[in-house]
Amino acid sequence: MRAIQYTKTMIDTKEQLMERLTLTADEEAFDYTDTATLPLKIPHHFMELIDADDPTDPLRRQVVPSVRESEREEMASLDPLAEVAHSNGGRLIHRYQSRAAFLTTDVCAIHCRHCFRRRFTSTAQGVASQEEIDAAARYVETHRQITELLFTGGDVLTIADKALEAMIRAFRERRPDLVIRLCTRVPAALPSRITDDLIAMIKRFDTAPFFVMVQFNHPRELTSEAIGAVARFIDNGIPAMNQTVLLRGVNDDVDVLQQLCNMLVFNRIKPYYLFQGDLVEGTAHLRVPIKRGLELEAELRKRLSGLAMPTYAVDLPQGGGKVPLTTNHLIKEVRQGVWEFRDFDGERRYYCDPPTDQSSSTPH
Ligand SMILES: *Cc1c(COP(=O)(O)O)cnc(C)c1O
Ligand code: SF4
């Protein structure tokens, strides 16, 4: 199986980059030939969105490498979520009861410097083999508690239509009821990839829903081409959800996040998660302290509708899983069945449980 070839559509050498941008000292000092790190890869579409005159451009920070990626931290690792330990059948990660993630390919249309799956992304393993697909599909067949499968990677939409069709078929033949999430940054990175043929192929698998899970981190990524690419899914009955990564110097600003979330809703994309950066080696300079993240979350909750508000969450290290991060409004149970809250203005409020129902209460 082959991935689509993007060679003519992207920037992947220092020389090509320097034709377009005057590199800062940190960008210049990055070792562009180091094969042990995530290589440079910026599709032309994304490159053209970067303001070449602004060395702090939020889109530039996501894709232009910095020597700061070689800073080492005590807590960070290449596999902070212990995905290797939770993997079943090689490419399948089954960490939560009802859903599993399948690493469809290690290829991406863009290389994000904040990538949390650096241990896997662009390691030249390519698209999952027929054996790996069959092993994962059999696992999902015998583990009926899995109701949703995430097609992730890498980026699933770098896989050519025919190969992707075979992959979907392998799972849906065994589990026609399986909800499939297509996790992809392609609409932001290379929107022209979302063709009518691709959508038509996916639509033919109509025994269960698909969801497209996109990643937009800044309002300027929502170009008319990107919006059009996502609209192709939505217009064909595939709902779109967005997962933003909270990134220093990119979107750690309440006005930017507010604008992003409102633009997403306006384009029928539900803001789903706002992720705290994972403890991945080489990404510390892009991470935001949790205290600041909680401040942003609280302010967003005031400004945004419930529909526009994503869940701020952190994926705990050592495979602890995703947990939501939010300002605690529930303070304590002051006496049995009486709960003390603090509202947004800091006022104390009390909520009382219903009187104990003898028939269903546990005896003490
Ligand atoms: C995030 C994640 C999921 C999906 O979690 P949701 O909260 O349902 O979006 C599933 N599997 C793995 C391994 C994940 O990291
Ligand atoms: S597209 Fe996703 S998997 Fe690929 S580099 Fe970006 S964040 Fe990582």
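**Entry 1: Arg-60**

I began with the contacts of Arg-60. Setting aside neighbours within four places in sequence, I found Arg-60 in contact with Leu-21, Thr-22, Leu-23, Thr-24, Glu-27, Ile-50, Ala-52, Asp-54 and Pro-55. I note here that the model is predicted. Arg-60 sits in helix α4, which covers residues 58–63. Is Arg-60 buried or exposed? I looked up its relative accessible area, which is 1%, so Arg-60 counts as buried, the cut-off being under 20%.

**Entry 2: the chain as a whole**

I then stepped back to the whole chain. I counted eleven helices and 15 strands. The domain assignment gives domain 1 as 72–324 and domain 2 as 330–361. How far apart do the C-alpha centres of domain 1 and domain 2 lie? I have them at 37 Å.

For overall dimensions, I took the C-alpha trace along its principal axes and got spans of about 70 × 50 × 40 Å. The radius of gyration is 22 Å, and a compact globule of 364 residues would have one near 21 Å, so the two agree.

I also looked up burial and surface. Of the 364 residues, 49% are buried. The accessible surface of the chain is about 17,400 Å², and carbon and sulfur atoms hold 51% of that. On charge, I noted 45 positive and 52 negative charges, with their mean positions 3 Å apart. For contacts, I took residues at least 6 apart in sequence; 76% of those contacts join residues at least 24 apart.

**Entry 3: Gly-249 and Ala-284**

Next I went to Gly-249. Gly-249 is in the loop that runs between β9 (240–245) and α10 (254–266). Its relative accessible area is 34%, so I list Gly-249 as partly exposed. Which residues does Gly-249 touch, if those up to four places away in sequence are not counted? I wrote down Thr-56, Pro-58 and Arg-61. Pro-58 and Arg-61 fall within the 58–63 range of helix α4. I also checked Gly-249 against Val-288: they are 39 residues apart in sequence, and their C-alpha atoms are 9.0 Å apart in space.

Ala-284 was my next stop, in the loop between β10 and α11 (290–303). With a relative accessible area of 26%, Ala-284 is partly exposed. I paired Ala-284 with Leu-247, 37 residues away along the chain, and the C-alpha separation came to 9.9 Å.

**Entry 4: backbone checks**

I turned to the backbone geometry. Which peptide bond did I record as cis, with omega near 15°? The one from Gly-153 to Gly-154. Gly-154 belongs to the loop between β6 (148–152) and α6 (161–174).

I recorded a positive phi in two residues other than glycine. Arg-268 has phi near 65°. Arg-268 is placed in the loop between α10 and β10 (269–275), and at 45% relative accessible area I list Arg-268 as partly exposed.

Gln-318 has phi near 55°. I located Gln-318 in the loop between β11 (311–316) and β12 (321–324). Is Gln-318 buried or exposed? Its relative accessibility is 67%, so Gln-318 counts as exposed, since the cut-off for that class is over 50%.

**Entry 5: Gln-130 and Ile-331**

I looked up Gln-130 for a longer span. Gln-130 is in helix α5, residues 130–142, and is partly exposed at 35% relative accessible area. How far apart in space are Gln-130 and Cys-261? C-alpha to C-alpha, I have 39 Å, with their positions 131 residues apart in sequence.

Last, I looked at Ile-331. Ile-331 lies in strand β13 (residues 330–335), and the assignment puts domain 2 at 330–361. Its relative accessible area is 37%, so Ile-331 is partly exposed. Leaving out neighbours within four places in sequence, I listed Glu-340, Phe-341 and Arg-342 as the contacts of Ile-331. Against Ala-170, which is 161 residues away in sequence, the C-alpha distance of Ile-331 is 49 Å. The assignment has domain 1 at 72–324.

How values were computed:
Residues are numbered from 1 along each chain as its sequence is written. Chains are lettered from A and ligands numbered from 1 in the order in which they are written. This is a predicted model: local features need pLDDT of at least 70, side-chain atom pairs count only at pLDDT 80 or more; totals for chains, interfaces and linings use all residues. Side-chain values use heavy atoms; hydrogens and water are left out. Domain bounds come from an automatic or database domain assignment. Helices (H or I, at least four residues) and strands (E, at least two) are DSSP runs, numbered from the N terminus. The radius of gyration is taken over C-alpha atoms; the globule rule is 2.2 Å times the number of residues to the power 0.38. Buried means under 20% relative accessible area, exposed over 50%, partly exposed in between (1.4 Å probe, protein chains only). Contact means heavy atoms within 4.5 Å. Accessible areas come from the Shrake-Rupley method with a 1.4 Å probe; for residues, only the protein chains shown count as cover. Lys and Arg count as positive and Asp and Glu as negative; His and the chain ends are not counted. The place of a charge is taken as NZ of Lys, CZ of Arg, CG of Asp or CD of Glu.
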